[in-house]
Amino acid sequence: MTLNIVVGITGGIAAYKAVGVVRALVLAGHDVHVLPTEGALRFVGKPTLEAISRNPVHTELYEGVAEVRHVAIGQAADLIVIAPATANTIAKMAVGLADDLLGNSLLASEAPVVIAPAMHTEMWRHPATQANIATLEARGVTVVGPAVGQLTGTDSGPGRMEEPEVIVAAALAVAASRSAAQPGDLAGRRVVVTAGGTREPLDPVRFLGNRSSGKQGVAIAEAARARGAEVVLIAANLEVADPNGCEMRPVSSAIELQAAVTEAARGADAVIMAAAVADYRPANVSEQKIKKDASNDGLTIELVRNPDILAGLGHAPHDGTLLVGFAAETEPDDERLLELGRAKRRAKGADVLVVNRVGWTEGFASDDNSVVILGSDDEIVTRLHGTKLSVAGAILDVVASKFAHTTDDRTTKAADPA
Ligand code: PMT
């Protein structure tokens, strides 16, 4: 499907890389309209943008008044991508300023908005910028990056604009999940989501844990709620804000998570296990803080297996409850990664499995994610790199389509008694 995409380019050195974003979107078959700010035109020329986008480039608020251009562009957009998004533009968006054509188009549009911030590290970390980003995210804007690396001068750190291919993939995933998401396509469904990482206590002050922040699970819970589902969120030590409108059940250890999931899964239409659950826990939990032993340089901790919660649900009869598991794997080879995912789906008895490539800087705690979604015949349903919200959308598309098939089957059986 050809999308009408507005690409806003704002005044930062990364504007030259925005040409790559425009080009990739045009080559993907979309109708791209570029809105550069005055600042952007100091970094990249209008003829370049017109040639690459294959459309006229408008910059003036008071041109094309007869065609009401200041609202028409935004109203017609299916998707708005702003790359680079400077600290100034982000601040203007947060307060809803409309002092140029881009600001007017943003206010006049109901399309999903994806921004790729680019600025110096200090500007990115400034509390004002962070507050503005939080405001935009709360409004549903998808933020891609910034990446960490060399900046314009000799400094480096977070602030580089993400690479064009990453921005384009995230933007198209957002548009796809928005168009596939029928508002309310999960209405009447009860969805249980687990999020975060379990903590296995060693003593009153220490635990064995993992780096899960809860971002992916919370994104799934939020997206399911937005699509009309009643959502129970089993939250293991979340490092992110609770989503609105979900019933929260906080837990800490794997054993607590098991009790909460087992209870919540009864009568649920889907259980989505995004939490990172410890496979082992300390065999003994000390009542007192474990002291250093002066006579021994090392310390051995005996661990015992935790129950496999997903496998427990998957190998018990679960008619009417769709089980979505994850497989967090560090395997670099694509084929091997899929083999591990397929083996895990079967071992756990999950109906759908999200193979999630993880590593020191991937998957855990980051804002985006790379997944392959496998269906119940081990077939690849979707492959996606994008924000955790767009990954959530893709997972819920699969869940919604499974529900639709079950309903169709039931309707066919009811209509055809033979
Ligand atoms: O929270 P974020 O920072 O956003 O990071 C998201 C994530 C990387 C944690 C998430 O996307 C993810 O991959 N979650 C699954 C982590 C995990 O525990 O993977 P696993 O391959 O070890 O387990 C496979 C599946 O079995 C998972 O669905 C897990 O919830 C479940 N499991 C695991 C162990 C256990 N004892 N019981 C289980 O039910």
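This is a short walk through a predicted model, starting with its domains and ending with a few unusual backbone spots.

Hi everyone, and thanks for coming. Let me begin with the overall layout. The protein is divided into domain 1, residues 4–180, and domain 2, residues 190–410. Taken over C-alpha atoms, the centres of domain 1 and domain 2 are separated by 33 Å.

So how many residues of each domain are in contact with the other? On the domain 1 side there are 10, and they touch 8 residues of domain 2. Between domain 1 and domain 2, an area of about 700 Å² is buried, and carbon and sulfur atoms give 62% of that area. The count of salt bridges between domain 1 and domain 2 is 0. Residue pairs in polar contact, with both residues at pLDDT 80 or more, also come to 0 between domain 1 and domain 2.

Which elements of domain 1 give two or more residues to the side that touches domain 2? They are strand E5 and helix H8, which covers residues 164–180. H8 gives the largest share of that side, with 7 residues.

Please keep E5 in mind, since we meet it again in the sheet. Strands of a sheet pair through backbone hydrogen bonds, either parallel or antiparallel. Here we have an open sheet of 5 strands, in the order E2-E1-E3-E4-E5, and the pairing is parallel. At the edges sit strand E2, residues 31–36, and strand E5, residues 142–143, each of them pairing on one side only. The partner of E5 is strand E4, residues 113–117, and the two pair in the parallel sense over 2 bridges. If you would like to find one residue pair on your screen, look for valine 114, whose bridge partner in E5 is threonine 142.

Now to a residue in a helix. Proline 127 lies in helix H7, which spans residues 127–138. Is proline 127 buried or exposed? Its relative accessibility is 62%, and the cut-off for exposed is over 50%, so proline 127 counts as exposed. From proline 127 to alanine 18 the distance is 26 Å, C-alpha to C-alpha, and the two are 109 residues apart in sequence.

Last topic: the backbone. Most residues other than glycine have a negative phi, and most peptide bonds are trans. With that in mind, here are some spots to look at.

There is a cis peptide bond from alanine 83 to proline 84, with omega near -10°. Where is proline 84 placed? You will find proline 84 in strand E3, residues 79–85. Another cis peptide bond joins glycine 145 and proline 146, and its omega is about 5°. Proline 146 has its place in the loop between E5 and strand E6, residues 147–150.

As for phi, arginine 54 is not a glycine, yet its phi is positive, at about 65°. Arginine 54 is found in the loop between helix H2, residues 46–53, and helix H3, residues 69–76. With 61% relative accessibility, arginine 54 counts as exposed. Alanine 365 is not a glycine either, and has a positive phi of about 70°. The loop that holds alanine 365 runs between strand E17, residues 352–357, and strand E18, residues 368–374. Because its relative accessibility is 34%, alanine 365 counts as partly exposed.

That is my tour, and I am happy to go back to any of these places with you.

Technical notes
Residues are numbered from 1 along each chain as its sequence is written. This is a predicted model: local features need pLDDT of at least 70, side-chain atom pairs count only at pLDDT 80 or more; totals for chains, interfaces and linings use all residues. Side-chain values use heavy atoms; hydrogens and water are left out. Two strands pair if DSSP finds at least two bridges between them. Helices (H or I, at least four residues) and strands (E, at least two) are DSSP runs, numbered from the N terminus. Buried means under 20% relative accessible area, exposed over 50%, partly exposed in between (1.4 Å probe, protein chains only). Domain bounds come from an automatic or database domain assignment. Contact means heavy atoms within 4.5 Å. Buried area is the accessible area (1.4 Å probe) that two parts lose on being put together, summed over both. A salt bridge is a side-chain nitrogen of Lys or Arg within 4 Å of a carboxyl oxygen of Asp or Glu. A polar contact is a pair of N or O atoms within 3.5 Å; within protein, one must be able to donate a hydrogen and the other to accept it, and residues adjacent in sequence count only if both atoms are side-chain atoms.
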